[in-house]
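Okay, everyone, thanks for coming. I'll put the structure up and walk you through some spots in it, one at a time.

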Amino acid sequence: MRPRALNARLVWALPVSASLLLMAGCASNNLESQLGDTGHPTQRDYGDSHTFPVPAEIQDNVDFWRHVYGVWSRSEVAIHDDEHLGVIYEVTRIPGLTQASYNQLQQSWLKDRVDHYRFRLADLERRVRNNQPLTADDKALLAKFDRAGGVAALYGASERVRAQRGIREKFRRGVEISGRYDRTFREIMRQYGLPEDLAYLPHVESSFQSNARSSAGASGIWQFMPATGRQYMTVNGHIDERYDPIIAAEGAARYLSEAHRRLGSWPLAITSYNHGQGGIANAKSQQGGDIGRIVRHYKGSAFGFASRNYYAEFIAAREVARHPERYFPEGIRYEEPWRYDKIVLRNSMPAVHLAQHYGTSKQQLAELNLHWRDPVIKGDGHLPAGTTVWLPAGTTRRIASQPPAYARPAAVARTEPATRPAAATPAATRTAVAKTTPKTKPVAASKAPIVAKSSTKTKPAKTQTRYHIVKPQETLYRVAVQNGISVEELRKLNKMRPDDNRILPGQKLIVGI
């Protein structure tokens, strides 16, 4: 946040002693009052409450992440309770030069601030348990827990102190990048009968950074783990489609569709994107299907801070991204929508062979095809048949044909030195030259082969129905794209329902008549 906004908070703060201001910083007892005093709107605008409900138990969580995404800059850090996110002890500016990560001095400073509140909270809990008199500072700190449940929420708070840095600048850049993919992502969600706003999920996962990679191994804009990625796309040493935003979006749509059928609601399906369908099914069996109750009461061993907050982060990201003018009054410059040509290779080939056919460079293709791995880019491996390839816009209008099948260059036979007798050479070798000696009769020129003429004229081939045999992991969308038709046309040709996306490996689909 800008210094002017920070000073405004200090003016707004309740009149307390200088020591309390020093310890409590510029935090208020609830996030909504903070947001109003920074010049941003105070109303909650979370859109479709039927599809994406926001129960009371997670309102403070959503407001917290709304601040992280749209209000607090990367030069600010909030020190807060990691269970009751409406309890903010301090929002303060990081000392020194702001960089992507903390330097050693900043790490030490932050540890001191966190330890300070841990000590204060432990001391306050001891005083409350022993019915000892409370100072004005103690009462002000205790008042922060009013919305979280009062004194009961204080117990154990010293173990729940957490620091969260703002990412307003990063999120704003993600909103700009999203202009490149938003239209396509929404179309994919529609194809699978899903809510279009699931296209906002990459804001939570990666801020639309195509090369994002987590410490756990999740990769790409949609942050698929390797094992999960292999269920929905190609993931190997040559092709890793987790890095292709469009292909991975289709994989995410398939996952979310399956999760919704199994779990019964979008809050649970979205949370499973972080915690897994099995984990959320277990939470549902214990607490029921209400996301607020699960967040507040479920104590699964792996259901930690990230999983508890995942759905709230999605709602907050959706709200900020839908209303950029509220949070980024300086303006947003959206990137141009994705308009590149797409083909699916019929044959395996090296990238250079592909580039030569379409009159472009291997480097330019590598920049478009983020799912190509180093062996393919360096020429040590081939692109497998069935690989999706993105080409510069207009390429397929200029060159409509697919690249011809690739054949390795034939080895050229070397002539032996004259001192060594010439060995008999197979007639098929193009470089062989017959030598004659004085005793050798000239070889008669062979006659041209006689070609039998057929008296029957060739009849024009009749138009035949074209079929496609479904391969493992193929989807209706991918089959349609491979065969140059829309999903709607594919459904009509095969007499499928308008909302039917289910196909099975080995199934024979009509793709043209």
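Let's begin with Ala400, which sits in the loop between helix H20 and strand S6, residues 466-469. Buried or exposed, what is Ala400? Ala400 has a relative accessible area of 72%, and the bar for exposed is over 50%, so Ala400 is exposed. Now look across from there to Tyr358: the two are 42 residues apart along the chain, and their C-alpha atoms are separated by 9.4 Å. Before I go on, please keep in mind that this is a predicted model.

Tyr358 takes us to helix H17, residues 351-358. Which residues of H17 are buried? They are Ala351, His353, Leu354, Ala355 and Tyr358. As for what lies over them, the cover includes strand S4 (341-344), helix H18 (362-368), H19, S5 and helix H20 (395-398). So H20, the helix before the Ala400 loop, is also part of the cover on H17. Just past the end of H17 comes Gly359, with a positive phi of about 65°.

Two other elements in that cover, H19 and S5, bracket my next residue. Thr387 is in the loop between helix H19 (374-378) and strand S5 (388-391). Its relative accessibility is 4%, so Thr387 counts as buried. What does Thr387 touch, if we skip residues up to four places away in sequence? The answer is Ile239, Ile343, Val344, Leu345, His371 and Trp372. There's a polar partner too: a polar atom of the Thr387 side chain lies 2.7 Å from the backbone oxygen of Pro384.

Okay, zooming out for a moment. The protein has 22 helices and 7 strands. Of its 513 residues, 48% count as buried. And if you take contacts between residues at least 6 apart in sequence, 66% of them join residues at least 24 apart.

Now the core. In soluble globular proteins, nonpolar side chains tend to be buried together. Here, the largest nonpolar core has 86 residues. Which residues have the most contacts inside it? Those are Trp65, Tyr69, Leu198, Trp222, Tyr273 and Phe314. Let me pick out Leu198. Leaving aside neighbours within four places in sequence, Leu198 is in contact with Phe52, Met189, Trp222, Leu256, Trp266, Ile270 and Phe314. You'll notice Trp222 and Phe314 turn up again, from the list of residues with the most core contacts.

Trp266, one of those Leu198 partners, also gives us a link to Pro53. Pro53 and Trp266 are 213 residues apart in sequence, and C-alpha to C-alpha they are 8.9 Å apart in space. Pro53 itself is in the loop between helix H3 (31-37) and helix H4 (59-70). With a relative accessible area of 28%, Pro53 is partly exposed.

Next, some backbone oddities. Most residues other than glycine have a negative phi, and most peptide bonds are trans. Take Phe208, then: not a glycine, and with a positive phi near 65°. It's in the loop between helix H9 (201-205) and helix H10 (226-232), and at 3% relative accessibility Phe208 counts as buried. Gln223 also isn't a glycine, and has a positive phi of about 55°. Where is Gln223? In the loop between H9 and H10. At 12% relative accessibility, Gln223 counts as buried.

On to helix packing. Helix H5 (residues 104-129) packs on helix H6 (residues 136-143) at an angle of about 100°, with the axes 11 Å apart. The range for roughly perpendicular is 65 to 115 degrees, so H5 is roughly perpendicular to H6. From H5, the contact uses Arg120, Leu121, Leu124 and Arg127, and from H6 it uses Asp137, Asp138, Leu141 and Leu142.

Last stop, a sheet. How many strands does this open sheet have, and in what order? There are 3 strands, ordered S2-S1-S3, with antiparallel pairing. Strand S2 (88-93) and strand S3 (161-165) are the edge strands, each pairing on one side only. From one strand to the next, the twist averages 20°. Strand S1, residues 76-81, is joined to S3 by 5 bridges, with the two running antiparallel. If you want a place to find that pairing on screen, look for Val77, which stands opposite Arg165 in S3.

That's my tour, so let's open it up for discussion.

Methods: Residues are numbered from 1 along each chain as its sequence is written. This is a predicted model: local features need pLDDT of at least 70, side-chain atom pairs count only at pLDDT 80 or more; totals for chains, interfaces and linings use all residues. Side-chain values use heavy atoms; hydrogens and water are left out. A nonpolar core is a set of buried Ala, Val, Leu, Ile, Met, Phe, Trp, Tyr and Cys residues joined through side-chain atoms within 4.5 Å. Buried means under 20% relative accessible area, exposed over 50%, partly exposed in between (1.4 Å probe, protein chains only). Contact means heavy atoms within 4.5 Å. Helices (H or I, at least four residues) and strands (E, at least two) are DSSP runs, numbered from the N terminus. A polar contact is a pair of N or O atoms within 3.5 Å; within protein, one must be able to donate a hydrogen and the other to accept it, and residues adjacent in sequence count only if both atoms are side-chain atoms. Two strands pair if DSSP finds at least two bridges between them. Axes are lines fitted to C-alpha atoms, for helices over the stretch in contact, and angles run from 0 to 180 degrees between N-to-C directions. Angles under 35 degrees count as roughly parallel, over 145 as roughly antiparallel, 65 to 115 as roughly perpendicular and the rest as oblique.
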